[in-house]
Structures are given as structure tokens and as C-alpha cells.
Amino acid sequence: QVQLVESGGGLVQAGGSLRLSCVASGSIFRFVAMGWYRQSPGKQRELVAQITTPGSAIYADSVKGRFTISRDNKNTVHLQMNSLKPEDTAVYYCRLETSRGYWGQGTQVTVSS
């Protein structure tokens with residue numbers, strides 16, 4: 001059973017920074033990718049950033065140059081979020097892709113103007 005545990009969300013003023021972390025536990029086989037999605041009220045869940053084997057990363061256009069995803073071991077990814085904007089406010093979900101997909105429980109990020 002694979003579990004994803006997220007941490008690091010919170011409330012920050014516009015222009016500030018937050019760092020999200022996600023740790024995967026359990027039996028992980030055939031790693032494909034790990035990353036972050038977000039969902040705000042009334043909107044569909046969207047990809048924010050994803051890192052794959054052998055370590056290449058992709059980003060949503062809206063966060064390029066402000067967010068950085070990193071992976072510091074097999075099962076942990078971080079999302080460094082700088083220059084945050086009110087429109088970044090959402091629940092951020094960690095996702096792990098192997099032979100199937102797994103979601104974390106989500107962590108709230110709120111950016112005040």
C-alpha cells in the first residue's frame with residue numbers, strides 16, 4: 001500500500017514563498033513520475049510541476065520561473081514556490097505515477113493580496 005504525505009502548506013502574503021514536501025511510503029515499483037497538482041474552487045485540478053526519470057521536470061506556464069520542483073531521494077519531492085500570487089491559492093496535491101497513480105490528501109495554500 002503506497003501512501004503520500006504532504007506538508008508545508010499555509011497562508012502567505014503575495015510575493016512570499018512556501019515550500020511543499022511530499023513523502024511516499026510503501027512498496028514503490030516502476031517509478032514513472034512524481035509531482036504536484038492544484039485545484040481551486042470551481043476549477044479543474046491542474047498540473048503544476050512534475051519530475052520524471054531521469055530527473056527532467058515540466059511546469060505549468062503559469063508557474064515557470066517562480067516554482068521549482070526537486071527530488072532528493074527515491075520517494076521525496078519538494079516544490080519551492082517563490083513570488084506567490086493570489087491566483088496560486090488552491091489545494092495542492094502530490095501525485096505519484098508508477099504502474100498506477102496515487103494521490104496525497106492535499107495541502108491548502110492561501111496567498112493573500
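**Group meeting: a hairpin, a disulfide and a core**

Okay, let's start with one pair: Ser70 has His78 as its bridge partner, and His78 sits in strand 8. Keep in mind that this is a predicted model. That pair belongs to a bigger arrangement, where strand 7, residues 67-73, runs antiparallel to strand 8, residues 76-81, with 6 bridges between them. The two strands make a hairpin, and 2 residues lie between them.

Next up, the cysteines. How many disulfides does the structure hold? Just 1. That disulfide joins Cys22 to Cys94, with the sulfurs 2.1 Å apart. The link ties together distant parts of the chain: Cys22 is in strand 3, residues 18-25, while Cys94 is in strand 9, residues 90-97, and the two are 72 residues apart. Left-handed or right-handed? The torsion about the S-S bond is about -85°, so we call this one left-handed.

And are those cysteines buried or exposed? Cys22 has a relative accessible area of 0%, which is under the 20% cut-off, so Cys22 is buried. Cys94 also comes out at 0%, so Cys94 is buried as well.

Now the core. The largest nonpolar core has 29 residues, and those with the most contacts inside it include Leu4, Met34, Trp36 and Leu96. Several strands give two or more residues to this core, among them both hairpin strands, 7 and 8, and both disulfide strands, 3 and 9. As a general point, nonpolar side chains in soluble globular proteins tend to be buried together.

Last thing, have a look at Leu4. Beyond its close sequence neighbours, Leu4 is in contact with residues including Cys22, Cys94, Met34, Leu96 and Trp103. So Leu4 touches both halves of our disulfide.

Technical notes: Residues numbered from 1 in each chain as written. Predicted model: local features only at pLDDT ≥ 70, side-chain atom pairs only at ≥ 80, totals over all residues. Heavy atoms only, no water. Pairing = 2+ DSSP bridges. Helix = DSSP H or I, 4+ residues; strand = E, 2+ residues; numbered from the N terminus. Disulfide = S-S within 2.5 Å. Buried < 20%, exposed > 50% of the residue type's maximum accessible area, 1.4 Å probe, protein only. Core = buried A, V, L, I, M, F, W, Y, C linked by side-chain atoms within 4.5 Å. Contact = heavy atoms within 4.5 Å. Lists of a residue's contacts leave out its neighbours within four places in sequence.
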